[in-house]
Amino acid sequence: MKKYLKILHFSNHDPVLTDARYKLDNTTKSDLIRKMIFLKAISKLTHLGITSKLSNQYEERIILLNKISLILILIASFYTVLFFSIQEILLGCIAFITTTGLYISFVLNAFQRFTASKIGLTLTTNAAVLFFSSTLGKEASVQVYLFAILSVPLVVFEPKQKYLRTFFLILPVLSFIALELTDYALFFHTQLHPIYNKLVYYSLNFYTFITLVLTIRFFYITSHDNEKNLISSNQELEKINTDLQQAYKTLDMLFLVFLKRLKRVRASLDKLV
């Protein structure tokens, strides 16, 4: 930064420094443009399927679903590359199938198939965690992510989808019980190098943390929006109440005027009689 300010200060007196400032400005602009393109692309992906017809709360659900899907796709892709690179072909194929399933679930949002996308995401994730928990064994701690999955149905499924929400809340618990009862022997067992076990362990812990943070953020945004809507509704009710009171006063005044005129008409009729 100091170097940049120095170039700006002396550039008017030295053509070499003027050229250096020009190059630095172009570099800064290029970096800024790249960052803007990257952020724009991320925003497009996280808002996939969002239309103006959706409510704010449902829109937040879809954005959260897209974010979780993207992170899962990245992690599944990482495992695909990892397993193929260490010659674990079967594990690599399963990871690739998982990545494909997650990608299909993500793309469904672009066609407004939100429920199918939610079901695909939760089923694919649960099946993958169940398989890799059994295959890599208890020491890899893949099963820990089953508890992070519990938070996903609570936020991606709407309250009216209570049966789907209940089913996908129970599914991770049943999967964990099945793993414990079978001593993680539902499928074949593969012993990875301790370094690769650590990679699996830390990456899943990272995703568990991200999932919980996104879930908590969703609940915060939802409660904040509900609070704002409640305040707005109260303000509208107060305004309506004020308008009604003013209307009642206006009606009272009109009624009094009408009574006075009626008395005058009656008095005129009495004189005529």
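1. Let's start with S133 and its surroundings in this predicted model. Leaving aside neighbours within four places in sequence, S133 is in contact with K138, V142, Q143, L179 and Y184. The residue belongs to helix 5. Is S133 buried or exposed? The cut-off for buried is under 20% relative accessible area, and S133 comes out at 0%, so it counts as buried. Its side chain also has a polar partner: a polar atom there lies 2.5 Å from the backbone oxygen of V129.

2. Now look at another serine, S69, which you'll find in helix 3. S69 has 0% relative accessibility and therefore counts as buried. Which backbone oxygen does the side chain of S69 reach? That of L65, at 2.8 Å. Not counting residues up to four places away in sequence, S69 touches F106 and L121.

3. Time to zoom out. The protein chain has nine helices and zero strands, so if you read along the sequence, the pattern is simply α-α-α-α-α-α-α-α-α. Of the 273 residues in the chain, 34% are buried. Take the contacts with a separation of 6 or more: residues 24 or more positions apart account for 67% of them. On the outside, the chain exposes about 18000 Å², and carbon and sulfur atoms supply 68% of that.

4. Next, the core. In soluble globular proteins, nonpolar side chains tend to be buried together. Here the largest nonpolar core has 44 residues, and those with the most contacts inside it are I68, Y79, F83, F132, L136, V142 and Y145. Several helices each supply at least two residues of this core, among them helix 4 (89-108), helix 5 (114-136), helix 8 (162-181) and helix 9 (194-272). Which helix gives the largest share? Helix 3, with eleven residues.

5. F132 is worth a click, as one of the core residues with the most contacts. Not counting residues up to four places away in sequence, F132 touches F83, L91, I94, A95, G137 and V142. Two of those names, F83 and V142, are also on the list of core residues with the most contacts. V142 turns up around S133 too.

6. On to the rings. How many aromatic pairs are there? The count comes to ten. One of them joins F131 and F188 edge-to-face, with 5.9 Å centre to centre and 75° between the planes. This pair links distant parts of the chain: F131 sits in helix 5, F188 in the loop between helix 8 and helix 9, and they are 57 residues apart. F131 counts as buried because its relative accessibility is 12%, whereas F188, at 37%, is partly exposed.

7. Another edge-to-face pair is made by F167 and F168, at 5.0 Å centre to centre with 75° between the planes. With 45% relative accessibility, F167 counts as partly exposed. F168 has 3%, so it counts as buried.

8. Try colouring the aromatic cluster. F78, Y79, F83, F131, F132, F187 and F188 form one cluster. You've already met Y79, F83 and F132 among the core residues with the most contacts, and F131 and F188 as an edge-to-face pair.

9. One last ring to look at: which residue lies over the face of Y201? That's K198, at 5.9 Å from the ring centre.

Terms used:
Residues are numbered from 1 along each chain as its sequence is written. This is a predicted model: local features need pLDDT of at least 70, side-chain atom pairs count only at pLDDT 80 or more; totals for chains, interfaces and linings use all residues. Side-chain values use heavy atoms; hydrogens and water are left out. A nonpolar core is a set of buried Ala, Val, Leu, Ile, Met, Phe, Trp, Tyr and Cys residues joined through side-chain atoms within 4.5 Å. Buried means under 20% relative accessible area, exposed over 50%, partly exposed in between (1.4 Å probe, protein chains only). Helices (H or I, at least four residues) and strands (E, at least two) are DSSP runs, numbered from the N terminus. Contact means heavy atoms within 4.5 Å. A polar contact is a pair of N or O atoms within 3.5 Å; within protein, one must be able to donate a hydrogen and the other to accept it, and residues adjacent in sequence count only if both atoms are side-chain atoms. Rings of Phe, Tyr and Trp (its six-membered ring) pair if their centres lie within 6.5 Å; planes under 30 degrees apart count as stacked, over 60 as edge-to-face and the rest as tilted. A charge sits over a ring if NZ of Lys or CZ of Arg is within 6 Å of the ring centre and within 35 degrees of the ring normal. Accessible areas come from the Shrake-Rupley method with a 1.4 Å probe; for residues, only the protein chains shown count as cover.
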